[in-house]
Amino acid sequence: MSQYVLRRLMIAIPSLLGISAVLFFVLALAPGDPFSELATNPNVPPEVQAALRAKFGLDDPIYLRYLHWLNAMLHGDWGFSFVSRMNVDTLILQRLPATLYVIGSAQVLALLIAIPVGVYAATKPYSLFDQVANTLAFVGFSLPTFFTGILFILIFSVTLDWLPFVYTTDIKATGIHWVLEMIRQAIMPVAVLGLFQAASMTRFVRSAMLDVIRLDYVTTARAKGLGQAKVIIKHVMRNAMIPVVTLIALQMPAVFGGAIVTEQIFRIPGIGSLLISSILSNDTPVVMAVTFVFACLVVLFNLIADVLYGWLDPRISLR
Amino acid sequence: MLDKELRSMIGDVKDGRMDRRAFIKRLAAVGLTAPMANQILALGGVAMAEGAQTYKPTKRGGGGALKLLWWQGPTLLNPHFATGTKDQDGSRLFYEPLACWDPDGNMKLVLAAEIPSIENGGLAADGKSVTWKLKPGVKWHDGKPFTADDVVFNWEYAKDPATSALTIATHRDITVEKVDDLTVRILFKKPTPFWADAFVGAPNTIIPKHLFADYTGSKSREAPTNLSPVGTGPYKFVEFKPGDLVRGQLNPDYHMPNRPYFDTVEMKGGGDAVSAARAVIQTGEYDFGWNIQVEDDVLLRLEKGGKGKTIYAVGGDTEFIALNFTDPNTEVDGERSSMKTKHPLFSDPAVRKALSMLVDRESVKKAIYGRAGRTTANFLNGPEKFVSKNTSWEFSIEKASKLLDDAGWKPGADGIREKDGKKLKIVYQTSINGPRQKTQAIIKQACQKAGIDVELKSVVASVFFSSDVANPDTYAHFYADIEMFQIPLSQPDPSQHMRRYMSANVATKENKWQGTNFPRWVNKDYDAAILAAESEMDPVKRAAHYIKANDLMFEDTVFIPVQHRLKVEAAANNLRPIISGWANETDNLHDWYREE
């Protein structure tokens, strides 16, 4: 087992190197310039622009820049933002809490809806409940978050005036009021993201359950006279959840990566909005760091999913 | 306007026979803006007026929180490194200049004790130096006194190329010397008619010497104070998250009485302009929304029964269409739009004139800009003293068609006009931006009716405005026949703006397209007018030179002005913000308050 993990980690190194090289070269070749805003500023003479480019090493050949970047990254230096003139890691760490809180809560919400609904729907396939759940699931994942987000804002903020639609990181209350306010402002983004995820996840849980529920050992369990609840929870769910766990593990990087559209709509200062604003302002060191960290997380959680698989289902052996 | 008449009017103001306001009105009538009128008075020996005071609160603080929404949040807080106005706006909460601009273009004292004039000895009669007296008793937020040394330090800091300050252009050609602890003198190399650049306005706020002295030159980026400013302003720094949030709290030692009104200030970033308008006007979650570039009918809808309103400030920003004077389709020495070519269609002035007649400015205003736009025939739309009254515009498809007919451009079988085998087909590029694409559509339609085929092209803003040498889609390469955008006028003076289009500044491959004259228009009379204006100390003659320069552009149809754009902001109904078209939104923040 430990040998397997070690081997997987060794394999991860070249693939991460490959990913970083592709990312770096694509970003370097992409059009745009971090100092573009200066071009129309009459106060900034072209020489200053050229000096800035030289200072941030933008005029070096691409492969040299890549090697510099790689070397710095190995030493724990994530780079220096052109736009904010501060270290990229500080910038990312500042954005991480909001993303973890909002996207994490949305994932939890999705699970809390998807598992019970999916399981119950699978136990009574083609019943009224199943039909309704299916229809809602289709509606749910057909509606993009930018649409439901704005719809929620119009209903709950503009018309009813119940919830704020601008997410603030510095709530002026303390204690219980702070907690309540944090919950209140997260309701809409969490609901938008959570319901969207729950929709597709419900379908997934339902079909995983249906696959298992027809197996002979389930019939055997029933024949033994076990109650419905016990059969479903102890016998069916345990096996049906294996693919679901993989799905969840693969969703985890997204919790760190943020949700670009939802974060933009609700002004959540998360990783997603950092990524999009950095892309728009051509702040390559930040884009590079965020995408690379994201790639690392995907590789890592893939490994975790595989390890969990073996633990959940002893029939699968890891060699 | 006659020179003599102006002199006698200045005399009248001096003796008190004419009041200042009347003088400014008279000058405005002949096309001079308020900031310029004030500078004329200053040079004529009458002190510049301090802007009118409308501030009502009678004690400091007690105003609660001021919540500002900047849909592009500041990404850094050192004014010398500000890449855009958003960074200047954020820095301005904490740092201050010697003086700022009020909505009428009057100078307003901030850290200076008096406005330099010839009478108080602040202004040299030859225009080669300005002496500023500093307000005594001003303290930095950490308690250290603010002195002339700080001002001199800012000059040394910014002019050093190793610092890579973006304010270098303002500082490198001047010399700043300390006269005594509370007096500094700025020396200019040549007579400088517009002397209120260095240390004036939000782009030129002053940072403390004692915290930055160890971080000049190449060490500039390591200064911890870059991210946690210590200024002299009405608010003390609390917290900064780049792109997301800037927070400040009332400075109890602020040097202006009864100010600031608000106990805390918060500047939230992110999102888009429409939802920012909604958060201010419709739900009232925020007090003020910056740069609300939203279609007017959307704003009108939000304003119905809302909690806020839009406010407008007139500046000098012009949305224009530039015509290419070189041929974008012929490559010479690896360069298209080369100076060695002439544009095959636009070398006929009739085509340029016809094109200008096909731009329906009134429809663009009605359909797109609404209250935030004004139609104009001029490229230079401010300050008002510099605005030409000799020009006019007209939209007429018939007249444009006739003009083209007379010049020999006859419609071909496909309805597109042609002459000598050259078809009237043009490529029209701009950046991707809702209003710009709509404008493109309006103009294309009119052109089609007149037998001109227009191909529309939209480029992502980050590419269009980039200085990327390798990218052919930048506005500076101008590999299209016409292109549309705007270049903001960042101070109440046209000198920097108009210098761009001198013949020596054409953008070519040789200067890596860093030349500022992208239409590649060459005109000796224009060069002469600009050079004359730059050394002219007489404000009236100087204004006349710039008006002439504008008229030369008009006659040659170098630019087709589409719209004179106003600043649009959103504010809560009870907020009393002070917004100037000549300054950053936060430049007058110390005078903001809320009506109870």
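This is a short tour of a predicted model with chains A and B.

**Stop 1: chain A as a whole**

Select chain A and colour it by secondary structure. Chain A has 13 helices and zero strands. Walk from the N terminus, and one α element follows another. Now zoom out. The C-alpha atoms of chain A fill a box of roughly 85 × 60 × 40 Å along the principal axes. Chain A has 319 residues, and 34% of them count as buried. Next, think about who touches whom. Take the contacts in chain A with a separation of 6 or more: 72% of them link residues 24 or more positions apart.

**Stop 2: confidence in chain A**

Switch the colouring to pLDDT. The mean for chain A is 84. In this chain, 94% of the residues reach 70 or more. Where in chain A is confidence lowest, and where is it highest? Select α2(A), residues 36–39, for the lowest value, a mean of 58. Then select α6(A), residues 128–142, for the highest, at 91.

**Stop 3: an annotated span**

Select residues 96–305 of chain A. An unreviewed UniProt entry annotates this span as "domain: ABC transmembrane type-1". Helix makes up 82% of the span, and strand 0%. Click on the C-alpha atoms at its two ends: they lie 23 Å apart.

**Stop 4: two spots in chain A**

Go to Tyr126(A), in the loop between α5 (88–123) and α6 of chain A. Its phi is near 65°, a positive value in a residue other than glycine. Is Tyr126(A) buried or exposed? Tyr126(A) counts as exposed, because it has 9 C-beta neighbours inside 10 Å and the cut-off for exposed is 12 or fewer.

Move on to helix α9(A), residues 216–223. This helix is hardly covered: of its eight residues, the count of buried ones is zero. Just after α9(A) comes Gly225(A), with a positive phi of about 95°.

**Stop 5: where the chains meet**

Show both chains. Here 46 residues of chain B are in contact with 42 residues of chain A. Several elements of chain B give two or more residues to this side, among them β8 (235–241), β9 (245–250), β10 (264–269) and α8 (273–282). Colour the side of chain B that touches chain A by residue class. You will find 15 nonpolar, 20 polar and eleven charged residues.

**Stop 6: a four-stranded sheet in chain B**

Hide chain A. In chain B, four strands form an open sheet in the order β4-β5-β7-β6, with antiparallel pairing. Which strands are the edges? They are β4 (112–114) and β6 (174–180) of chain B, each pairing on one side only. Look along the sheet: the twist averages 40° from one strand to the next.

Zoom in on the β4 edge. Two bridges join β4(B) to β5(B), residues 129–134, and the two strands run antiparallel. Find Ala112(B) and look across to β5(B): its bridge partner is Leu134(B).

Now select helix α5(B), residues 148–159. This helix lies across β5, β6 and β7 (183–188) of chain B. Helix α5(B) runs at about 165° to β6(B).

**Stop 7: a strand with two partners**

Select β19(B), residues 482–486. Five bridges join β19(B) to β12(B), residues 308–323, in an antiparallel pair. Three bridges join β19(B) to β17(B), residues 425–431, and this pair runs parallel. Centre the view on Met484(B) in β19(B). Ile321(B) stands opposite Met484(B). So does Thr430(B).

**Stop 8: loops of chain B**

Go to Ser337(B), in the loop between β12 and α10 (349–357) of chain B. Its phi is positive, about 50°, although Ser337(B) is not a glycine. Ser337(B) counts as buried, because it has 30 C-beta neighbours inside 10 Å and the cut-off for buried is 20 or more.

Finish with two cis peptide bonds. One runs from Arg259(B) to Pro260(B), with omega near -5°. Pro260(B) lies in the loop between β9 and β10 of chain B. Another joins Gly382(B) and Pro383(B), with omega about -10°. Look for Pro383(B) in the loop between β13 (373–374) and α12 (397–406) of chain B.

Key:
Residues numbered from 1 in each chain as written. Chains lettered and ligands numbered in written order. Predicted model: local features only at pLDDT ≥ 70, side-chain atom pairs only at ≥ 80, totals over all residues. Pairing = 2+ DSSP bridges. Axes fitted to C-alpha atoms, helices over the stretch in contact; angles between N-to-C directions. Contact = placed C-beta atoms within 7 Å. UniProt positions renumbered as here; feature names shortened; annotations may be inferred. Nonpolar A, V, L, I, M, F, W, Y, C, P; charged D, E, K, R; others polar. pLDDT = per-residue confidence, 0-100.
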